[in-house]
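Let's take a walk through this structure together, one spot at a time. Have the sequence and the 3D view ready as you read.

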Amino acid sequence: MSNVGSSRSLPNPNPCLSYWQRTTRGFPHLFANQNHPVPSTSKYVIIGSGISGGLTAFSLLEAGVKAEDLVILEAREAASGASSRNAGHIRPDAFRGFSAYAKVHGPEQALKIIANERLVLEKVDEFVKKHNVQCDFHLTTTFDVCMTEEFAKYEAESFEAYKLAGGDISHIKLYEGKEAQTKTGIPGAVAAYEWAAGSSHPAKLAQFLLQSVIEKGTKLFTFCPGTEMKRNGDSWDIHTPRGIVTAEKIIHCTNAHAAQLLPHLEAYFRPNRAQAHTLVPTPAYAAENTLQQTFSLRYSLYHFYSVIQRQGDGTLVLGVSRTNPTLSAETLASRLSTDDTCYNEEIAEDALRSFDQLFPDFLSKNARHGEGLQDVWTGIIAMTTDSVPFVGDLGDNQYICAGFNGHGMARIFTCAPGVAKLVLGGQWSETGLPECFELNQERLGRLSTEQLPLIW
């Protein structure tokens, strides 16, 4: 692997395994065609086998594309990137990002961005039910918990700005002071907002999509990265370790690694290492005490922790923010990386210490053997310089669906079907996506001079 820290890099060939990957090792297509040469030609080639690539393939087949005309290339095992390394949340932004989005994209687009995330939750719920997807999807509510007066003020201002701009707040509940502490069970909570959200087993969702298209005849080639592209008339030659496949159309679903084959986008992507942890619950959070809601516990815009509890086995999943004022400069610098081979011990120690403070009934110091910390892993998320995805027609029969800014689970289920429409000749208006998601020359020109603060 080269260019660690840059989106011009292939995924690391020896990544650590996440909890989601450790619990899906029986997936029959995990190493699909790992020793087979790629076909010499294919009408469509999708690069990337995560939820974005899988749902794009699924959407193309639903629209009438022949399965045998579609090939998926994956650099590692199936769905081994961010889709199988996140913290399990399907959590739309209800209002918090409105002001930040509005500064760059304008109030109208900011409203559309937030409305789109709410729609994605509905789309995931609908898809899982329609196709009976066994991905442990749990539709519930989430608490945005303000742990400081300063952040409670920020949230209140964001909420008011969103409301004044015409944003729908009918589904959002606000609790303050003692009521916030009682509702959330979090000591010291200053305020809390509650709205609809969900959680899932993301690897099972990604694998369902792949299983579905493979059963119809689509070919997935794992451990087979696209290393180079060259024009071949109106088509493209995609070089891989197992041969060259000539494609009429290419769809880039490579998220943080998009610039490996699209180097002109390197300046607009910022790969970041994220880290998550699983804990086996102590009795205080087992059986009837299992957490029903999900949580984002925020000390500031950039310092927070996320928590879900799986309803089946009770596993707690603890995610952490990319920045934290208590961490060393060395650890903070290490987050700007595409290295997902191992985890950071300092981040893990901080996460567990903070979890004990936020959930004091957990009593990790009294945990029995088998309770407490179980797994720790890293994953690479793709930040774009204006904090919204890159979706669109790149010209020359290339398309992109990437750059989800750590919100892939709250964006892909509209973005992937949207890019599938573009591949088949549709117009942007047919995607239903916010106009600011479209990657075009105007947007790239604007990104050269403007930058939106990270809001995830």
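Start with the cysteine C401. In this predicted model, the closest cysteine sulfur to that of C401 belongs to C253, and the two sulfurs are 5.2 Å apart, so they're too far from each other for a bond. Remember that a disulfide is a covalent bond between the sulfur atoms of two cysteines. To be counted here, a pair of sulfurs has to be within 2.5 Å, and by that rule the tally is zero disulfides. C415 isn't in a disulfide either: its nearest cysteine sulfur is that of C401, 5.2 Å away. Are these cysteines buried or exposed? With a relative accessibility of just 1%, C401 counts as buried, and C415, at 0%, is buried too.

Next, find helix α4, which runs over residues 107-131. How far apart should the ends of its 25 residues be? At 1.5 Å a residue, the helix should span 36 Å, and because its end C-alpha atoms are indeed 36 Å apart, expectation and model agree. Now look along α4 for the residues that are tucked away from the surface. The buried ones start with Q109, A110, I113 and I114. Carry on along the helix and you'll meet N116, E117, V120 and L121, which are buried as well, and the list finishes with V124, D125, F127 and V128. Just past α4 comes N132, and its phi is positive, near 50°.

Now hop back to A75, which sits in the loop between β2 (70-73) and β3 (89-90). A75 has a relative accessible area of 22%, so it counts as partly exposed, since buried would call for under 20%. What does A75 touch, once its neighbours within four places in sequence are left aside? Its contacts are P11, F223, C224 and P225. There's also G48 to look at: 27 residues separate it from A75 along the chain, yet their C-alpha atoms are 7.4 Å apart.

Our last stop is T331, a residue of helix α8, which covers residues 329-334. Its relative accessibility is 5%, so T331 counts as buried. Setting aside neighbours within four places in sequence, you'll find T331 in contact with N344, E346 and I347. Take I347 from that group: it is 16 residues from T331 in sequence, and the C-alpha atoms of the two are 7.8 Å apart in space.

Conventions:
Residues numbered from 1 in each chain as written. Predicted model: local features only at pLDDT ≥ 70, side-chain atom pairs only at ≥ 80, totals over all residues. Heavy atoms only, no water. Buried < 20%, exposed > 50% of the residue type's maximum accessible area, 1.4 Å probe, protein only. Helix = DSSP H or I, 4+ residues; strand = E, 2+ residues; numbered from the N terminus. Expected span 1.5 Å × (residues − 1). Contact = heavy atoms within 4.5 Å.
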